[in-house]
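Reader: Could you take me through one part of this model up close? I'd like the open sheet, what packs on it, and then a quick tour of the other parts.

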Amino acid sequence: MTAVAPDTAHHTALHQRVRDFISADRPMLIDGEWVWSASGRTFETIDPATARPITSVAHGDAADIDLAVRAARRAFDDGPWTRMKPNERERLLWRVGDILTDRAEEFGQLEALDNGKAATIAAAVDTNWSADIFRYNAGLATKITGSTVDVSMPFVPGGEFHAYTLREPVGVCGLIVPWNFPLLMAAFKLAPALAAGNTVILKPAEQTPLTALLLGEVFTEAGFPPGVVNIVTGYGEAGAALAAHSDVDKIAFTGSTEVGKKIVDAAKGNLKKVSLELGGKSPNIVFADADFEKAVAGSVAAWMFNHGQCCVAGTRLFVERPIFDDFTAAVAEAASQAKIGPGLDPTTELGPLVSQEQFDRVSGYLAAGLADGARALTGGKRWGDEGFFIEPTVFVDVEPSFSIVQEEIFGPVVAAMPFDADTGVAAAANDSIYGLAAGIWTTDLSKAHRTARQIKAGSVWVNQYNGFDTAMPFGGYKQSGWGRELGSSAIELYTQTKAVNISL
């Protein structure tokens, strides 16, 4: 189908290049060429602020995945990419970071249209952080090293040996990313995979394919050889085909724990390497001695950032009993004052959920919480009559068994529970199948250290929330995933070790 003309009133502030980008249907990037799906099909991508189509993109399926994998395999086995010096890869990746910085406004606006988040946040956080990730990994491209080993080999008396290890790229990598941080999650995976010398097939979420396709233009502009970066847009069938493909050496996936388990099952055919960043139901713990105002602001951001569509969202709020009533009232008041609106409005603080499906899911949890006996201090229902907006909701009078406490909602909803100093909070905080992140608020440094050690989570932030940095490893305990992204350890996900032992 032809692209649907954007709603004029909603898109008046768009950058001209963004207008041009959404004015036509968008093809996929395979082997350095922009191509349509083998079936010729397209699908619409929807503006969650209006529930109206933005444009249409190629509907890739298993046939297109196979073409992309073949292109990536040729580029890895026979192309110039694997023969490039590390500093050449470094320069290309650095160039991607520079282009992202130069075009941050465009990427921010396109992300706002497709995902619903505020364009100002998408430019300042998602795009600029993505640029930083590419630059950080550009530096790592020249620092992937092996080591020499002084072997003993006691069963070869008198023998002399020169032994060493090499870190080599895995090969063809399939990268499947979610809809909540489309560009940023792509950067999390693309940058280390490419720094290590792999070739890739990126499969963006069907709800938010646009910034991935724009990023494809960036890779072309930066000068990456054909077949090194391939981007296939489509639904779950495309992701399933990528995970199961016998010529894919590694799959990296960010998404729900449920789908992550399916990825593992699909990958077993050729025992491809798998890394997973999955769901969360993170505890945010506020002690009575915390800086009250700072903790309120931080605790609101913990579950409202990105409209609650954040895997690390602090959606289980544990507050020490002496301050529980005052603190939850302050959180509810702050949340109720948030400016709700479309992402292209520069005053928006809380945008829409990404899709009708997600809106229905979150609405179902709101109804379930109220039916179970929870009380909403604020929110609890839809906002407005257009788009996929949900009021920020603070639940109290909840029990640990409630679904709103145990299950990942992925919306602007928090469940608050009191705890007592004499019984502690660690057991309740750890009562989850997930272990992705946690927050701790206290002015007692010893208490902060003790509690951080007790929490079973991959990231623990003290007197802050969402304390990410490109140099800090990120990943989960328990059913929140396998492996660590970001930091220098991310390279380990995309390399393998070869041991070489030479008899002299």
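Author: Here is the sheet, followed by some other spots in the chain.

First, the ground rules: this is a predicted model, where local features need pLDDT of at least 70, side-chain atom pairs count only at pLDDT 80 or more, and totals for chains, interfaces and linings use all residues. Residues are numbered from 1 along each chain as its sequence is written, and side-chain values use heavy atoms, with hydrogens and water left out.

Now the sheet. It's an open one of seven strands, in the order β14-β15-β16-β13-β12-β18-β19, and the pairing is mixed. Strands here are DSSP runs (E, at least two residues; helices are H or I, at least four), numbered from the N terminus, and two of them pair if DSSP finds at least two bridges between them. β14 (375-378) and β19 (459-462) are the edge strands, each pairing on one side only. On average, neighbouring strands are turned by 25 degrees against each other, direction ignored; the axes behind such angles are lines fitted to C-alpha atoms, for helices over the stretch in contact, and angles run from 0 to 180 degrees between N-to-C directions.

Within that sheet, β12 (residues 283-286) and β13 (residues 316-320) pair in the parallel sense over four bridges. Pro283 stands opposite Arg316 in β13. Two helices pack on the sheet. Helix α12 (residues 356-372) touches β14, β15 (393-396) and β16 (413-419), and its direction makes about 25 degrees with that of β15. Helix α15 (residues 445-454) touches β12, β18 (437-441) and β19, with its direction at about 160 degrees to that of β18. Touching, or contact, means heavy atoms within 4.5 Å.

Let's zoom in on Phe318, which is found in β13. Phe318 is buried, because its relative accessible area is 4%; buried means under 20%, exposed over 50%, and partly exposed in between (1.4 Å probe, protein chains only). Leaving aside neighbours within four places in sequence, its contacts include Pro283, Asn284, Ile285 and Val286, along with Met417, Phe419 and Val425. Phe318 and Ala415 are 97 residues apart in sequence, yet 8.6 Å apart in space, C-alpha to C-alpha.

Over to another strand: Asn230 lies in β9 (residues 229-231). Asn230 counts as buried because its relative accessibility is 0%. Its side chain reaches the backbone nitrogen of Asp31 at 2.8 Å. Not counting residues up to four places away in sequence, Asn230 also touches Leu29, Ile30, Ala68 and Val200, among others.

There's a hairpin worth a look too. Strands β3 (residues 42-47) and β4 (residues 52-58) run antiparallel and are joined by six bridges, with Glu44 partnered by Ser56 in β4. Four residues sit between the strands, and Ala51 takes a positive phi near 65 degrees.

As for the insides, the largest nonpolar core has 103 residues, and those with the most contacts inside it are Leu190, Leu194 and Phe224. A nonpolar core is a set of buried Ala, Val, Leu, Ile, Met, Phe, Trp, Tyr and Cys residues joined through side-chain atoms within 4.5 Å. Helix α6 (residues 182-195) gives the most to this core, with eleven residues. Leu190 touches Phe134, Leu175 and Phe219, among others, not counting residues up to four places away in sequence. A second, separate core of 27 residues includes Ile404, Val405, Ile409 and Ile440.

Terms used: Polar contact = N/O pair within 3.5 Å; in protein donor to acceptor, adjacent residues only side chain to side chain.
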